[in-house]
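Welcome, and thanks for taking a look. Before the walk through helices, strands and charged pairs, please have the sequence and the coordinates open side by side.

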Amino acid sequence: MRITKAESLQKEYLRIKKLSEFDLDLYELREQFKSLMELAGHIAGTQVSVVNLIDNYSQWTLSAVEDEPKRIAKENSICAYTIRSNSFMEVQRLDLDDRFKDKAYVIGEEAYRYYLGMPLTLSSGENVGSLCMLDTRQQDIGLDKKKALAVIAQEIVYKLEHRKKLNETLYTLSETVRIKNQVAHDVRGPVHGIAGLAESVEEEDLSADEMREYFSLIKNSGNSIIELTDEILNSGRDNEVQSSRRINMADLKERLIQLYELPAKSKNLSFNVLVNRDKDQLNFSRRRVLSIFGNLISNSIKFTPSGGSIEVHMDIINTEMGKQLDVLVQDNGVGMSSASLENYFEDISELSQGTGGEKGFGLGLKLVNELVHELGGSMKISSEIDKGTKTSILIPII
């Protein structure tokens with residue numbers, strides 16, 4: 001059955017949303033995949049063996065030989081074709097293929113000629129990237145080796161899904177510790193009152209020995225509960241579980257600059273991340289944060305012309321709902337009309353084109369909106385044609 005454009009867009013949206021749920025930190029991920037990428041390269045005998053993860057805007061490449069993840073626009077990716085099926089994709093001559101012959105990596109004496117990609121298929125069916133083999137020479141990789149490479153691709157997916165389950169477990173444990181601490185604090189107040197009252201009554205010159213004994217029991221019971229709540233509170237402190245999936249604004253700023261400064265410079269854009277230095281060491285859950293920032297910044301890069309600017313402002317503020325991460329991402333790009341803005345979150349948009357010719361679906365802001373609301377936060381957008389876009393976000397932090 002032929003898939004309609006709307007169905008294709010919806011399928012792509014579900015794919016990038018599934019990828020966003022992994023809360024991937026590309027710098028941490030490389031170490032987990034390094035040995036598998038080396039093994040794949042040894043089996044295939046190719047010069048390059050990498051893992052490519054493909055989001056709404058970009059292909060992110062993890063390599064066993066390079067520390068830094070590399071980014072290219074999604075429309076320039078070979079693997080973007082691979083993830084459209086559940087079978088491997090092989091191209092013997094990239095320079096003779098109309099889809100790729102004009103790409104920068106195919107032109108020149110050291111250009112790539114051979115490509116083999118194994119899709120990274122999640123247990124739920126979505127393809128989030130590929131195990132990619134490249135060479136400047138043509139290759140003849142037999143079926144047995146391709147089966148072995150497919151097994152390695154499955155192992156990479158297993159590590160991804162295992163990491164996701166671990167992250168979810170750590171988040172649940174961290175949330176449990178927070179609730180436990182809150183309960184303990186709530187209990188201590190009234191218990192202190194009971195113990196104080198009992199102590200006061202005990203000091204009175206009462207004639208009834210039974211009354212003294214009774215209030216003495218109240219005091220002792222109250223003190224026992226206080227000791228118990230102290231133990232509960234202390235058991236949650238300095239716990240590695242609490243700190244393992246947390247980040248502060250200073251580290252988040254550094255990570256955003258590492259990932260997006262180069263893409264911004266490639267379009268001659270000014271990119272700045274500004275944080276409240278008085279609070280930049282306060283730790284909070286990193287859950288969904290990189291996905292939210294990544295989509296907003298990528299969207300601004302896409303729709304801001306050369307010479308423009310992008311600014312990210314971060315702060316932690318106190319509200320009636322408790323502490324919240326206060327975020328503003330603003331650019332002076334092409335902007336959106338009020339009519340477009342009204343319907344942006346309702347329907348998945350048609351194919352859109354950025355100021356540098358970048359292609360992509362209007363999925364980024366819709367995805368961010370869903371992620372923010374899943375965290376109990378709020379999101380507001382203001383935009384004008386040719387005057388840019390401002391996106392404000394409040395996210396409760398724990």
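Here a residue counts as buried when its relative accessible area is under 20%, as exposed when it is over 50%, and as partly exposed in between. The model is a predicted one. With that cut-off, eight of the eleven residues of H10 are buried, so this helix is largely enclosed by the rest of the structure.

**The chain as a whole**

The protein chain holds ten helices and 15 strands. It has 398 residues, 47% of which count as buried. Its accessible surface comes to about 20,800 Å², and carbon and sulfur atoms account for 50% of that. Of the contacts between residues at least 6 apart in sequence, 69% join residues at least 24 apart.

**Two enclosed helices**

Back to H10, which covers residues 364–374. Which of its residues are buried? They are Gly364, Leu365, Lys366, Leu367, Val368, Asn369, Leu371 and Val372. Glu370, by contrast with the cut-off for burial, is partly exposed because its relative accessible area is 27%. Just after H10, Gly376 takes a positive phi of about 80°.

Helix H8 spans residues 289–302, and 14 of its 14 residues are buried, so H8 too is largely enclosed by the rest of the structure. A quick check of its geometry works out well: at 1.5 Å a residue, the 14 residues of H8 should span 20 Å, and the end C-alpha atoms are indeed 20 Å apart.

**Charged pairs**

Side chains of opposite charge can pair when their charged atoms come close. A search of the whole structure finds 23 salt bridges, and the table shows some of them.

| Salt bridge | N to O distance |
|---|---|
| Glu370 and Lys17 | 3.9 Å |
| Arg255 and Asp25 | 2.4 Å |
| Arg30 and Glu31 | 2.6 Å |

The side chains of Glu370 and Lys17 meet in a salt bridge. This pair links distant parts of the chain, with Glu370 in helix H10 and Lys17 in helix H1 (residues 5–20), 353 residues apart. Lys17 counts as buried because its relative accessibility is 10%.

Arg255 forms a salt bridge with Asp25. Arg255 lies in helix H7 (residues 249–266) and Asp25 in the loop between H1 and helix H2 (26–44), so the pair ties together parts that are 230 residues apart in sequence. Both ends count as buried: Arg255 has a relative accessibility of 19%, and Asp25 has one of 3%.

In the third pair, Arg30 forms a salt bridge with Glu31. Arg30 counts as buried, at 6% relative accessibility. Salt bridges that share partners also build one network, which joins Lys17, Lys18, Glu21, Lys164, Lys366, Glu370 and Glu374.

**Two buried asparagines**

Asn127 lies in strand E6 (residues 127–135). Is Asn127 buried or exposed? With a relative accessible area of 4%, Asn127 is buried. Its side chain makes a polar contact of 2.5 Å with the side chain of Thr121, and a polar atom of that Asn127 side chain lies 2.7 Å from the backbone oxygen of Ser85. Beyond residues up to four places away in sequence, Asn127 touches Arg15, Ile83, Ser85, Asn86, Pro119, Leu120 and Thr121.

Asn248 sits in the loop between strand E7 (246–247) and H7, and counts as buried at 5% relative accessibility. Polar atoms of the Asn248 side chain lie 3.1 Å from the backbone nitrogen of Ala250 and 2.7 Å from the backbone nitrogen of Asp251. Leaving aside neighbours within four places in sequence, Asn248 is in contact with Asp280, Gln281, Leu282, Asn283 and Phe284. The C-alpha atoms of Asn248 and Arg286 are 8.4 Å apart, and the two residues are 38 residues apart along the chain.

**A hairpin with two faces**

Finally, look at strand E14 (residues 378–384), where the side chains alternate. Met379, Ile381 and Ser383 point to one face and are buried, while Ser378, Lys380, Ser382 and Glu384 point to the other and are not. E14 runs antiparallel to strand E15 (residues 388–396), and seven bridges join the two. Lys380 has Ser392 of E15 as its bridge partner. Three residues lie between the strands of this hairpin, in which Asp386 takes a positive phi near 65°.

Methods
Residues are numbered from 1 along each chain as its sequence is written. This is a predicted model: local features need pLDDT of at least 70, side-chain atom pairs count only at pLDDT 80 or more; totals for chains, interfaces and linings use all residues. Side-chain values use heavy atoms; hydrogens and water are left out. Helices (H or I, at least four residues) and strands (E, at least two) are DSSP runs, numbered from the N terminus. Buried means under 20% relative accessible area, exposed over 50%, partly exposed in between (1.4 Å probe, protein chains only). Contact means heavy atoms within 4.5 Å. Accessible areas come from the Shrake-Rupley method with a 1.4 Å probe; for residues, only the protein chains shown count as cover. The expected span of a helix is 1.5 Å times one less than its number of residues. A polar contact is a pair of N or O atoms within 3.5 Å; within protein, one must be able to donate a hydrogen and the other to accept it, and residues adjacent in sequence count only if both atoms are side-chain atoms. Two strands pair if DSSP finds at least two bridges between them. A salt bridge is a side-chain nitrogen of Lys or Arg within 4 Å of a carboxyl oxygen of Asp or Glu.
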